[in-house]
Amino acid sequence: MPKLLVLDKSIFRGTSLTKLCRFAKSHHILAGNVLLIECLISPNRIDRNLLNRFQKLIKAGAMYTHLLFEIVNREKELLSPIKSIVDKNGTDTIRTSTLNDNEVYLKWGSEKYQAQVGPVVKDMLKLSEYFYADIAKRKWLCRMRKETNDKASRLRKWAKTMEPVVDNKVLKEWEPDVCSYITHDWYTWHDYRLRCILSFEWAYQKAKSGQLPGFDKASHDFHDMQYVACLSRADGILTNDKDLVIPLAQAAFPEKDVFSSLDDVPDEYLYDWT
């Protein structure tokens, strides 16, 4: 099986299109729905240059992925884990259509996505308040404030702490109808685990600064989290995001590869399309 690489917005926007397309012709790249939503569509307008750039990358060989919510809903319908998150129909459509001619549809898709994201982020912020209250109740605030580990090490601690929380509490409350079926190979499980890691990190930030991140910052973190979630179905990730994506990927998926440049990717990721 060829190795899969997740592409995030920092590499997508920071690498020349020629280099990206040449790389896509010899590697399996996942250019997901979150990349299309986050990088190409703003609340008031569509950046046609970036949209054209995205389509050219897909035509060169990169693969489009299903939306997070579609993957989770599909697993809940099947009561089993999804093996591949590649949207083959979506990939074919992007390769054969002209995205710039579908502005109304793209805006509708963006608005629909944002409507789904809002309640999730609000629930995550509520979970952060719960974690913070529990930290205060256990009189761990002083210990938390003295935490000096680098972010990857800190998130690694949160990842280990959150696994039983996801299994024994969060899934039972948020997915009561299917929680008994969800195992650690479900994409859904990784999604909730990452949500909990982020929520606990926000609680840590409140212990340090006295406040949680605002809704906009929390939403941005949630978008970035989705790139990392794709690692549950990939072998490595291409990212320059040192603020969250790199440390979160290293913490949640220590066995996976993290590359900061196309030039860092070893030959074992090469794929001969012919």
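## Asp221 and its partner

In this predicted model, the side chain of Asp221 reaches the side chain of Trp202 through a polar contact of 3.1 Å. Asp221 sits in helix α11, which runs over residues 215-229. With a relative accessible area of 3%, Asp221 is buried, since the cut-off for that label is under 20%.

Who else touches Asp221? Once its neighbours within four places in sequence are set aside, the contacts of Asp221 are Leu198, Trp202 and Leu244. So Trp202 turns up both in that contact list and as the polar partner, because contact means heavy atoms within 4.5 Å.

## The cavity

How many cavities of 30 Å³ or more does the structure hold? There is one, and the volume of the largest cavity comes to about 80 Å³. Its lining is made up of Gly32, Asn33, Val34, Thr65, His66, Leu67, Leu68, Ile71, Ile85, Tyr187, Gln226 and Cys230. Two elements, α3 (33-40) and α5 (68-78), give two or more residues each to this lining.

As for chemistry, the lining of the largest cavity has seven nonpolar residues, five polar ones and no charged ones.

## Aromatic pairs

The count of aromatic pairs comes to nine. Take Phe12 and Phe54: their ring centres are 6.3 Å apart and their planes sit at 70°, so this pair goes down as edge-to-face. The two come from distant parts of the chain, with Phe12 in helix α1 (residues 9-14) and Phe54 in helix α4 (residues 48-60), 42 residues apart. Are these two rings buried or exposed? Both Phe12 and Phe54 are buried.

Another pair, Trp174 with Tyr192, is tilted, with 5.8 Å from centre to centre and 50° between the planes. Because Trp174 is in helix α9 (residues 151-174) and Tyr192 in helix α10 (residues 187-209), this pair ties together parts that lie 18 residues apart in sequence. The two partners get different burial labels: Trp174 counts as partly exposed at 27% relative accessibility, whereas Tyr192 is buried at 4%. There is also a cluster, in which ring pairs link Tyr130, Phe131, Trp158, Phe200 and Tyr204.

## The second largest pocket

Phe200 from that cluster shows up again here. The second largest pocket holds about 400 Å³ of space, and it is lined by 16 residues, of which Asp134, Trp140, Thr161, Met162 and Phe200 are the closest to its centre.

Which helix gives the most to this lining? That would be α9, with six residues. Helices α7 (103-137), α8 (141-145) and α9 each supply at least two residues. Sorted by class, the lining of the second largest pocket has nine nonpolar residues, one polar and six charged.

## Arg145 in α8

Helix α8, one of the suppliers to that pocket lining, also contains Arg145. At 41% relative accessibility, Arg145 counts as partly exposed, because that label covers values between the 20% and 50% cut-offs.

Leaving out residues up to four places away in sequence, Arg145 touches Tyr132, Ala207 and Lys208. What separates the C-alpha atoms of Arg145 and Tyr204? They are 7.8 Å apart, although the two residues are 59 places from each other along the chain. Tyr204 is itself one of the rings in the aromatic cluster.

Notes
Residues are numbered from 1 along each chain as its sequence is written. Side-chain values use heavy atoms; hydrogens and water are left out. Helices (H or I, at least four residues) and strands (E, at least two) are DSSP runs, numbered from the N terminus. Buried means under 20% relative accessible area, exposed over 50%, partly exposed in between (1.4 Å probe, protein chains only). A polar contact is a pair of N or O atoms within 3.5 Å; within protein, one must be able to donate a hydrogen and the other to accept it, and residues adjacent in sequence count only if both atoms are side-chain atoms. On a 1 Å grid over the protein atoms alone, a cavity is a set of points where a 1.4 Å probe fits but cannot get out, and a pocket is an open set with protein on both sides within 12 Å along at least five of seven lines; lining residues have an atom within 4 Å of a point. Grid points are joined across faces, edges and corners, and a volume is the space filled by probe spheres set on the points. Ala, Val, Leu, Ile, Met, Phe, Trp, Tyr, Cys and Pro count as nonpolar, Asp, Glu, Lys and Arg as charged, and the others, Gly among them, as polar. Rings of Phe, Tyr and Trp (its six-membered ring) pair if their centres lie within 6.5 Å; planes under 30 degrees apart count as stacked, over 60 as edge-to-face and the rest as tilted.
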